[in-house]
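Student: Hi! Could we go through this one together?
Tutor: Gladly, let's bring it up and take it piece by piece.

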Amino acid sequence: MRIRLHLLFLALFAASAVWSIVIRDIQFHGATLFSEAQLASSIQSQPGNEFHFATANEDAARLLNRYLQERHFTIKIFGPEARTNSDNTVSVIFTIDEASAMALETLRFDGNQYISDQQLRDALPTSLLLRDMPSYLETLLDVYTSSGFLFAQVALDSLWLADNALGVELKMYEGRECRFSRYRFLGNTATREQTLLKISRLTQERTYTPAILDQAAATIARKSYIQSCTITPLDANTLQIEVKEGKMSSISALLGLSSAHSSTITGYVDLEFMNLYGTDRSLAFHWQQLKKDRSSVELAYHEAGPLRYPVSGDISLYREEVDSTYIKSNANLQLYYYTAAHDWGLSASWEQYSPGTRDDALAIERATYRTIGAFWRYNNTDHSYNPTRGQSTEVHYYTRISNLQGKSTPRQGAEASVILYHPINSRTVVSTGIHGKVLENKALSAFDYFYLGGNKNLRGFVEDAFFGYRLGWINAELRYLLSRNSRGFVFVDYAVVQNQNYSYYDLVGTGVGLRLQTRLGLLGIDYGIGYHNGTIRNPLDGILHVGIKTNL
């Protein structure tokens with residue numbers, strides 16, 4: 001009996017020795033981002049401990065989590081592998097692929113109340129990879145911010161690994177939807193708070209997104225009397241609008257000299273009083289001498305409109321004298337409704353040409369023109385002087401009715417303009433403008449045509465060198481930004497023009513220019529030479545424009 005008890009004791013001892021396996025060492029194959037000591041500190045299995053497959057499997061998930069915490073998402077953990085040693089211990093081996101595309105088999109969401117699981121899942125690709133987790137988090141955050149939850153956060157909450165199948169749970173911290181009813185204004189010493197709110201165009205929005213807030217800040221900054229603007233949500237109800245104001249008045253002048261026309265001096269003078277009484281209203285005066293026998297004067301007024309309604313208007317009066325041939329008088333009105341980046345409006349104008357003092361074959365008869373039309377404008381550029389991105393677009397369709405010698409003639413016309421700004425890097429910008437004008441060719445007089453040439457459309461040619469009822473031009477500039485308001489650039493202009501007498505399709509102007517912010521103001525220098533009909537202008541006979549704009 002005693003012998004049997006000894007045998008039973010020996011059998012139990014042997015069984016315990018077989019089933020209690022000790023870990024001799026732990027190896028990490030393929031790990032380069034972390035040391036073995038760092039990885040070993042992340043798991044529960046340790047040398048000298050009893051080996052359990054369940055614990056080792058959990059350690060694989062712990063290792064994966066260590067990588068994810070350090071934002072390493074191209075990871076796949078193989079194993080664990082238990083390799084038996086001659087001394088009846090095991091070596092536990094974790095094989096790590098640090099450049100893997102591990103698939104996500106399960107994705108769960110937690111904490112989302114306003115946006116459903118299905119909406120979040122629909123925003124992501126059908127097949128999910130762990131390495132793309134950063135972009136998934138950003139995409140889900142965009143879903144929230146585009147819905148007005150500007151303070152939402154999306155985080156990786158937990159993960160699990162079973163049979164090499166990975167599951168992830170994401171935590172949504174939604175916060176509250178932003179409904180701004182309180183505003184905080186900083187930096188506005190001359191501009192009224194309600195004026196800033198009106199020109200920001202935010203009151204028309206129902207959902208506030210980062211893109212809308214950026215657009216509102218850019219809209220305010222495009223005002224000539226605002227140097228910069230930053231809009232920051234402080235909480236779900238409070239929005240901070242901070243501006244840096246500039247001068248409220250400006251004067252600018254531009255002189256041009258062409259040696260090809262007996263050193264003819266051309267130029268203009270602009271005087272503008274902006275943001276009158278802090279209301280965004282403005283009054284401007286413009287004088288221009290295109291040629292020694294041609295001058296013009298213009299008075300313009302901008303009405304910001306009532307504070308509570310998104311409507312504004314512009315009125316201008318214009319008078320031009322051409323030696324003793326005729327006097328042109330013009331009155332123009334635009335009324336428009338606006339949203340964040342769009343203007344929709346109506347236009348009306350009255351124009352009259354009166355005969356001058358001359359009494360010969362070149363004398364003209366009195367002519368009157370009335371125009372009514374509709375227009376659309378879009379502008380999402382980021383700066384008024386030196387845009388680096390965005391576009392400015394305008395389309396205008398109108399009916400022009402002439403009254404000449406007692407006969408009334410209606411004509412349809414259209415004008416379109418698109419200017420695109422594309423940044424190459426932080427200081428280099430490509431600006432491309434495409435423009436076109438067309439008027440129905442029906443009993444046209446000399447006062448119906450569009451004019452082409454000069455600093456405003458086709459550089460390298462004198463002002464109004466060509467005319468036609470159909471014309472188009474492209475302005476391309478490669479700009480290098482010297483500061484926020486200064487730049488140097490090279491340009492190429494190309495234009496086509498057509499009238500009853502000629503059609504030109506080879507008008508090219510090229511040159512260099514500079515806009516430089518100085519203590520006196522913004523200095524502008526442009527030099528261009530033209531190419532037409534197979535002939536390029538002598539560089540010594542080019543067109544030079546020099547001007548300066550000063551804020552008072």
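Student: What is the strand order in the open sheet of 3 strands, and how do they pair?
Tutor: Keep in mind that this is a predicted model. The order is E7-E9-E8, and the pairing is mixed.

Student: Which strands stand at the edges there?
Tutor: Those are strand E7 (182-186) and strand E8 (226-233). Each has a single partner strand, so one side of each has no neighbour in the sheet.

Student: And how much are neighbouring strands turned against each other?
Tutor: On average by 20°, with direction ignored.

Student: Does anything pack on it? I mean, which helix, and which strands does that helix touch?
Tutor: Helix H7 (residues 210-221) packs on the sheet, where H7 touches E8 and E9. The direction of H7 makes about 160° with that of E8.

Student: Back to E8 and E9: in what sense do they pair, and over how many bridges?
Tutor: E8 and strand E9 (residues 238-245) are antiparallel, with 7 bridges between them. As one example of facing residues, Ile-231 is opposite Ile-241 in E9.

Student: New topic, the interior. Which residues touch the most other members of the largest nonpolar core?
Tutor: Leu-166 and Leu-170 do, in a core of 45 residues. Among the elements that give two or more residues to this core are strand E1 (22-29), helix H3 (53-69), strand E5 (153-162) and strand E6 (165-173).

Student: Which one gives the most?
Tutor: H3, with 7 residues.

Student: What does Leu-166 touch, leaving out residues up to four places away in sequence?
Tutor: Its contacts include Leu-64, Met-102, Leu-104, Leu-130, Leu-159 and Trp-160. Apart from this core lies another, of 24 residues, including Leu-197, Tyr-225, Cys-229 and Met-274.

Student: Okay, backbone now. What is phi of Asn-88?
Tutor: Near 65°, which is a positive value in a residue other than glycine. Asn-88 is in the loop between strand E2 (76-84) and strand E3 (89-97).

Student: Is Asn-88 buried or exposed, and why?
Tutor: Asn-88 counts as exposed because its relative accessibility is 62%, and the cut-off for exposed is over 50%.

Student: Where is Asp-280, then?
Tutor: Asp-280 is in the loop between strand E11 (264-276) and strand E12 (281-291). Its phi is near 75°, a positive value in a residue other than glycine.

Student: Buried or exposed for Asp-280?
Tutor: Buried, because Asp-280 has 6% relative accessibility, and buried means under 20%.

Terms used
Residues numbered from 1 in each chain as written. Predicted model: local features only at pLDDT ≥ 70, side-chain atom pairs only at ≥ 80, totals over all residues. Heavy atoms only, no water. Helix = DSSP H or I, 4+ residues; strand = E, 2+ residues; numbered from the N terminus. Buried < 20%, exposed > 50% of the residue type's maximum accessible area, 1.4 Å probe, protein only. Pairing = 2+ DSSP bridges. Axes fitted to C-alpha atoms, helices over the stretch in contact; angles between N-to-C directions. Contact = heavy atoms within 4.5 Å. Core = buried A, V, L, I, M, F, W, Y, C linked by side-chain atoms within 4.5 Å.
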